[in-house]
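Take a moment to look over the chain and the way it is arranged in space before reading on. The report after the display goes from the whole protein to a pocket and then to a few chosen residues.

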Amino acid sequence: MHSDQRSDDSGPRIWGGTTLSERKQARRSALLEAALDLIGESGAAGVTMRAVCRRANLTDRYFYESFASRDELLDVLYRQIADDFLDPMTAFAVADDASRDRALSEALVDKVLEDPRKSRLFLVEPYSSTGLGQTTIAVMPAFTRLIQDHLFSQIDDPVRRRLAAVTMASGNAGMFSAWLNGSLRATRAEIVDHLVAMLGAYRSLYR
């Protein structure tokens, strides 16, 4: 049984134990989760407004309550996932000890393996025609700056430091994409060892 009441004269309207804002946020989260499920099954090409609404058991009215279009939904979802990847990487990258490179590499690989749906959107789908190109261009500089300012801070020449960071960021994205789509066959340990070796190789190249 639902109630329609205010907690006080100036407070938000309560219906079914939740406020309007809480219900809108719950619907938005359900739509994003539905989109992730569809991406896991058939990639971003399977994400349409109608498919997302069916999966979330919501009408198109509620879709447009949160998103202006399918492309906006994908943009929001992609940026959320990018933050999910960037946060743990930042925590390790800002450290400065002998075990940092391996700890960071292991954290990154484990993050890639944690949720195949998220990794597919973040690392595989930008290589297909999904409309994510501009979003990827906007998001990737944060990862490049992290590598440049922390992992390659020992490289004195700013141009070389930037070159190394951009090349490693884009190269890693391509490597993980190939690993996830099955065209690169390697174990978790091999991927971690490769990342550690590449960090050391760039530092040695430009020292």
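The sections below describe a predicted model, beginning with its overall build.

## Overall build

The protein contains nine helices and three strands, and if one follows the chain from the N terminus, the elements run in the order β-β-β-α-α-α-α-α-α-α-α-α. Along its principal axes, the C-alpha trace spans about 70 × 40 × 30 Å. How does the radius of gyration of the protein stand beside that of a compact globule of 207 residues? The globule would have a value near 17 Å, whereas the protein has 21 Å.

Of the 207 residues, 41% count as buried, and the accessible surface comes to about 11,500 Å², with 52% of that surface belonging to carbon and sulfur atoms. When contacts with a sequence separation of 6 or more are considered, 61% of them are accounted for by residues that lie 24 or more positions apart along the chain.

## The largest pocket

The largest pocket has a volume of about 490 Å³, and 28 residues line it, of which Met 140, Phe 143, Ala 169, Asn 172 and Ala 173 lie nearest its centre. Sorted by class, the lining holds 22 nonpolar residues, five polar residues and one charged residue.

Which helices each supply at least two residues of this lining? They are H4 (70-93), H5 (100-114), H6 (116-124), H7 (133-151), H8 (158-181) and H9 (188-205). The largest share comes from H8, which gives eight residues to the lining.

## Helix H6 and Ser 119

Helix H6 supplies part of the pocket lining, and it also has a set of buried residues, namely Arg 117, Ser 119, Leu 121, Phe 122, Leu 123 and Val 124. These buried residues of H6 pack against H1 (20-42), H4, H5, H7 and H8.

Ser 119, which is found in H6, can be looked at in more detail. Is Ser 119 buried or exposed? Its relative accessibility is 1%, and because buried means under 20%, Ser 119 counts as buried. Leaving aside residues up to four places away in sequence, Ser 119 touches Phe 85, Lys 111, Val 112, Val 124 and Leu 180.

## Arg 102 in helix H5

Arg 102 is found in helix H5, and its relative accessibility of 36% falls between the 20% limit for buried and the 50% limit for exposed, so Arg 102 counts as partly exposed. When residues up to four places away in sequence are not counted, Arg 102 touches Val 192, Asp 193 and Val 196.

As a general point, an α-helix has 3.6 residues a turn, so residues three or four places apart point the same way. Distance along the chain and distance in space can also be set side by side for Arg 102: this residue and Ser 66 are 36 residues apart along the chain, and their C-alpha atoms are separated by 40 Å.

## Leu 205 in helix H9

Leu 205 has its place in helix H9. Its relative accessibility is 55%, and because exposed means over 50%, Leu 205 counts as exposed. Between Leu 205 and Cys 53 there is a separation of 152 residues in sequence, and from C-alpha to C-alpha the two are 51 Å apart in space.

Terms used: Residues are numbered from 1 along each chain as its sequence is written. This is a predicted model: local features need pLDDT of at least 70, side-chain atom pairs count only at pLDDT 80 or more; totals for chains, interfaces and linings use all residues. Side-chain values use heavy atoms; hydrogens and water are left out. On a 1 Å grid over the protein atoms alone, a cavity is a set of points where a 1.4 Å probe fits but cannot get out, and a pocket is an open set with protein on both sides within 12 Å along at least five of seven lines; lining residues have an atom within 4 Å of a point. Grid points are joined across faces, edges and corners, and a volume is the space filled by probe spheres set on the points. Helices (H or I, at least four residues) and strands (E, at least two) are DSSP runs, numbered from the N terminus. Ala, Val, Leu, Ile, Met, Phe, Trp, Tyr, Cys and Pro count as nonpolar, Asp, Glu, Lys and Arg as charged, and the others, Gly among them, as polar. The radius of gyration is taken over C-alpha atoms; the globule rule is 2.2 Å times the number of residues to the power 0.38. Buried means under 20% relative accessible area, exposed over 50%, partly exposed in between (1.4 Å probe, protein chains only). Contact means heavy atoms within 4.5 Å. Accessible areas come from the Shrake-Rupley method with a 1.4 Å probe; for residues, only the protein chains shown count as cover.
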